[in-house]
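Student: I am new to this structure. Please show me how to read its features.

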Amino acid sequence: MTAPLLSPALLTRNLVVFGRVLRASGIAVDPGQLVDVQRALALITPTDAPQFYYAARAVFVRRLEELPLFDRAFALFWSELARRDLLPDFPSPDGRREDVVIPLPPEPEEPVLAGMTEEPSGKRPAGAAATVQEHAGTDELAPPREQVVPIRTYSAAERLRQKDFGHLTPAELEEARTLLQQLRWQVGRRRARRTHPAFGVGPGRGLHWRATVRTSLRAAGELTRLAWRVPKTKPRPLVILGDISGSMDRYTRLLLQFFYAVRRGRSEVEVFVFGTRLTRITRDLEHRNVEEAMRRVAAHILDWSGGTRIGAALRTFNRQWARRVLSRGAVTIVVSDGWDRGEAELLRTEIARLQRTSFRLIWLNPLLGDAQYQPLTVGMQTALPYVDDFLPAHNLASLTDLARRLSDLEQRRPLRRMHR
Amino acid sequence: MVVRLPHHPALQSVEALEAALNAHGYVPDPALSMALYLALRMEKPLLLEGEAGVGKTEVAKVLAAILDAELIRLQCYEGIDLASAGYEWNYLRQILALRVAEASGAARLDDVFQREFLIERPLLRAITAGDGRPAVLLIDEIDRADDEFEAFLLEVLSDFQISIPELGTVRAERVPAVILTSNRTREIHDALKRRCLYAWIDYPPFEKELRIVQTKVPAAGEKLAREVCQFLQLLRRQDLYKLPGISETLDWTHALVVLGQRELDEAIVTRTIGCLVKYQEDLRSLRPETLAGLVRQARE
């Protein structure tokens, strides 16, 4: 009989270490899984690496994307075990049983990003204290730097709302961010197939039997009140595709805040950004703290302020994500100035497809804020026929309008021309 | 006495299960065999994810055949609710019973919420004793259902019980093997995933697909089967919106057999490509030269 692979005494500890390796690789691991994998291993008593691998994989991997991460972590773990001679032959060379200490994979370096300098944070108590220290010698009564956001008068607030994002001063930027976070984002609701009972309304989708019978019990079976099945409404999912290439640079900072604000309020929002490639940043934006979220986004994106290939990005989206995030009548918002270095035909095909699979396709263009703007670029011209709503996105006022529009969406799909 | 999965010879080891699957015409990959084996032995549900048409549903059917178990199928869709999936009261009977009791002057029928008035739907059927046979519960396309349904499913799958407000909790008289399938049009929530073991079913490699075709469409000759599978491998490398799955392969092979083909040629492929490729853009992007090239390569 071949020897069991790892001694039971070490197995538990090694599995815990393996769990940590997995976590470091980006796979969430909960204690239940560690218990499960032990049970699994006990059931199959693995005698070689593939068996161990498949058993662990069945327990730890929960989605397709985790598979390559798992493979890497497992390879690391296994080679370390082999190195310490903890595979079939026990004990290790000097006769003692050692615990396996796996070096964790190195932290991914945060790339230096062009065009994304650190904003002066509004809250910096440590800095304030330092300021006080600095001045201690000279003037003890010098107050710490003012951290309070100035209260503006109405007209000043209105001016802020109208001011183009690209022209905001750092202080105004800060204010704009705060205001953005306060906007309410509701997207129009759609009729779902799920129903709930309601009295006194029209036929809806037929009688709601359970509620009707229960009510009738009070009258010994007389159907005194009829309950009807009325469809529930659910909010439409929202998908945002944001252009973060060089030409959008001035707006990117604020627009990311805008994406964050939209994401925070609601559950079914997916956010992607693109330049030369498409990156999904929905998870990064999930953080409670907006600065942390921005930091994560910055770390995740590799193609800041580069060129734009809108068609290629849309094609990636259509092939890999559309089926997953655009079902259930989703509204798609593309945020871009339309400056495109890719082929027009590709853009045309992909945006046509995007329009077909979305309930509504909205294109936000910061350049529309300029009254003189004409959509003359090839990219914009190509895309325009396939867009349901062409709207500006250059200042707070335009975003507020967008919020209002979204909450008032018509129930029906917009009428679209049939395109060849 | 709770009916569980039997101590079937196929469940003695991973190898035994694999052999049984093969014997019944299903060609598994090692990851799937392991995941299925563990799911059955650990009595956990198995979540199968993969593109449409790669054979996820087939696993459950074959498993039921191997174990001589009752296959109970629950097809999910958006808005699927308790009444369609779990149970429903037989309202008409209830009302009639109330009326009869009233009319005949018999003692008032106080409780119409008895087991006899309960209609069992798949989930409830899966956990009630039935005829003593073990059961395989197939919850198909769970990604088409919504959050509310998943929440309900959680209770059933974790404790194998269903709470019926009027009746009480119905506990399992039978613990079924549970297989969930998903086409990934939506991310299943973590709470549900945590209950399950997981396997991803990919498009098959050449050898595997060939075996499947030969098993399922024996009328296709050796030459045709080989050429068909070569063609599919090449076709799946094209940039298509929707790659054809195994079911498309089998449909196409069937069609070719019906048309009397012993081998592939460009003309027949062009005319029958609709069996494999079903999206307009994909059809347009497969220009005649491309198809011709693929056929040529497939025949080498």
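Student: How many residues do chain A and chain B each give to the contact?

Tutor: Contact means heavy atoms within 4.5 Å. Here the contact takes 43 residues from chain A and 53 residues from chain B. Keep in mind that this is a predicted model: local features need pLDDT of at least 70, side-chain atom pairs count only at pLDDT 80 or more, and totals for chains, interfaces and linings use all residues. Residues are numbered from 1 along each chain as its sequence is written, chains are lettered from A and ligands numbered from 1 in the order in which they are written, and side-chain values use heavy atoms, with hydrogens and water left out.

Student: What area do chain A and chain B bury between them?

Tutor: Buried area is the accessible area (1.4 Å probe) that two parts lose on being put together, summed over both. For chain A and chain B that is about 4600 Å², with 51% of it on carbon and sulfur atoms. R62(A), R194(A) and R323(A) supply 16% of the area that chain A buries against chain B, more than any other three residues.

Student: How many salt bridges are there between chain A and chain B?

Tutor: A salt bridge is a side-chain nitrogen of Lys or Arg within 4 Å of a carboxyl oxygen of Asp or Glu. The count between chain A and chain B is twelve. R319(A) forms a salt bridge with D239(B); their closest N and O atoms are 2.8 Å apart.

Student: Which helix of chain A gives the most to the side that touches chain B?

Tutor: Helices (H or I, at least four residues) and strands (E, at least two) are DSSP runs, numbered from the N terminus. Several elements give two or more residues to that side of chain A, including helix 2 (31-44), strand 1 (189-199) and helix 11 (310-325). Helix 11 of chain A gives the most, with seven residues.

Student: Is R236(A) buried or exposed?

Tutor: Buried means under 20% relative accessible area, exposed over 50%, partly exposed in between (1.4 Å probe, protein chains only). R236(A) counts as buried because its relative accessibility is 4%. R236(A) is found in the loop between strand 2 and strand 3 (238-243) of chain A. The side chain of R236(A) reaches the backbone oxygen of G329(A) at 2.9 Å. Beyond its neighbours within four places in sequence, R236(A) is in contact with residues including R266(A), E268(A) and F359(A).

Student: How much of chain B is buried?

Tutor: Of the 300 residues of chain B, 55% count as buried. Chain B has 14 helices and nine strands.

Key
A polar contact is a pair of N or O atoms within 3.5 Å; within protein, one must be able to donate a hydrogen and the other to accept it, and residues adjacent in sequence count only if both atoms are side-chain atoms.
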